[in-house]
Amino acid sequence: MNSHSISDALVLYGQLFTSRMLLGTARYPSLHALEASIKAAQPAMVTVALRRQLAMSRNTDVGFLDMLRRQSVALLPNTAGCHTVNEAVTTAKMAREVFETNWIKLEIIGDDYTLHPDPVGLIEAAEILVRDGFKVLPYCTEDLVVAERLVNAGCETLMPWGAPIGTGKGVVNPYGLKLLRERLRGIPLIVDAGLGVPSHACRVMEWGFEAVLLNTAVSQAAQPDTMARAFSSAINAGRQAYLAGPMLERDSACPSTPIVGMPFWHQKDDCSSSVGAAFPAL
């Protein structure tokens, strides 16, 4: 961890991470492709599903967890596939034993077609798991009221979607997502689900989101490791742009060349207060 990384580290539940990219581990064409993608992205955490691990333990792909541990990357178990509070809480407790961590990405699906999170069940399960000592990262939508309730339940980080899981549409509700970022100051927000290309990730990072979690956009790419590297670069670029303080968007053109020495200057709407003061319109 270098000095620059320390000065701008991602902090979740008091723990520092040098990367702002989180990576899912499902639907890769092979274990080798997943391993190469992790090496290319150098993510802060990788998500793992308990149900997948239990299924693989009965099949041939038993090296999955061993491979992840060789990468020395933090594991973020999830409750993928759960539809009720009881299912999610039970799965989280089992995952804590299997993966030896109290981090949990909390998912409770309310609609099988859109994979829309169940907001009521999500809040209830979050309250239970927080009381039980879990570091809960709930997968939610951009709904501000639900997000506030999750924070009140004790969640120190939220994972709002950009679009439904696996769609690759990017952010379908920019207003809602930006409003969430504006209102929940001090709460790390990780955009999770629906992003399809690196420019989508760069955009949300420019808006001030703390990190991005990706799975399908990487695993279903023709070259997953190359796409993982591209996303990592885009996330870093977006973060740097946010820290740099982007210029304000304008409705009218503004010349970038100096107007000193020009015989005539007719622009009525000066580009800045300093330019307008020094060179008033003729």
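Start by selecting valine 46 and leucine 75: valine 46 stands opposite leucine 75, which sits in β5. You're looking at a predicted model, so keep that in mind as you click around.

**Stop 1: β4 and β5**

Now widen the selection to the two strands. β4 covers residues 45-49, and five bridges join it to β5. Follow the chain direction and you'll see that the two strands run parallel. Switch on a surface and β5 turns out to be mostly covered, with four of its five residues buried.

**Stop 2: the loop before β5**

Step back along the chain to glutamine 71. This residue lies in the loop between α4 (64-70) and β5 (74-78). Is glutamine 71 buried or exposed? Its relative accessible area is 18%, and the cut-off for buried is under 20%, so glutamine 71 counts as buried. Show its neighbours next: leaving aside residues up to four places away in sequence, glutamine 71 touches Glu35, Ile38 and Lys39.

**Stop 3: β6 and its partner**

Jump to β6 and turn on side chains. Trp103 and Lys105 point one way from the strand, while Ile104 and Leu106 point the other way. Whichever way they point, all of these residues are buried, the lysine included.

Then add β9, residues 135-140, to the view. Four bridges join β9 to β6, and the pair runs parallel. For a landmark, pick tryptophan 103: its bridge partner in β9 is lysine 135.

**Stop 4: isoleucine 108**

Just past β6, select isoleucine 108, which is in the loop between β6 (103-106) and β7 (109-111). How much relative accessible area does isoleucine 108 have? The value is 0%, so this residue is buried.

Bring up its surroundings and you can see what isoleucine 108 touches. Not counting residues up to four places away in sequence, the list has Cys82, His83, Thr84, Val85 and Ala88, along with His116, Pro117, Asp118, Gly121, Leu122 and Ala125. Try a distance label on that last one: isoleucine 108 and alanine 125 are 17 residues apart in sequence, and their C-alpha atoms are 8.7 Å apart in space.

**Stop 5: α7 against α8**

Move on to the helices. Select α7 (residues 144-152) and α8 (residues 174-183), which pack at an angle of about 35° with their axes 10 Å apart. The crossing here is right-handed. Zoom in on the contact, where Leu144, Ala147 and Glu148 of α7 meet Leu179, Leu180 and Arg183 of α8. Colour by residue class and you get four nonpolar, no polar and two charged.

**Stop 6: α9 against α11**

Now for another helix pair: α9 (residues 198-206) and α11 (residues 224-244). Their axes are 7 Å apart and the packing angle is about 25°. Angles under 35 degrees count as roughly parallel, so that is the label for α9 and α11. Their crossing is right-handed.

On the α9 side, display Pro198, Ala201, Cys202, Met205 and Glu206. On the α11 side, the contact residues include Met227, Phe231, Ile235, Arg239 and Tyr242. By class, the contact has 12 nonpolar, one polar and two charged residues.

**Last stop: zoom out**

Finish with the whole chain in cartoon view. The protein has 12 helices and 12 strands. Of its 282 residues, 48% count as buried. Among contacts with a separation of 6 or more, 63% are between residues 24 or more positions apart.

Technical notes. Residues are numbered from 1 along each chain as its sequence is written. This is a predicted model: local features need pLDDT of at least 70, side-chain atom pairs count only at pLDDT 80 or more; totals for chains, interfaces and linings use all residues. Side-chain values use heavy atoms; hydrogens and water are left out. Buried means under 20% relative accessible area, exposed over 50%, partly exposed in between (1.4 Å probe, protein chains only). Contact means heavy atoms within 4.5 Å. Two strands pair if DSSP finds at least two bridges between them. Axes are lines fitted to C-alpha atoms, for helices over the stretch in contact, and angles run from 0 to 180 degrees between N-to-C directions. Angles under 35 degrees count as roughly parallel, over 145 as roughly antiparallel, 65 to 115 as roughly perpendicular and the rest as oblique. A crossing is left-handed if the near helix is turned anticlockwise from the far one by less than a right angle, and right-handed if clockwise. Ala, Val, Leu, Ile, Met, Phe, Trp, Tyr, Cys and Pro count as nonpolar, Asp, Glu, Lys and Arg as charged, and the others, Gly among them, as polar.
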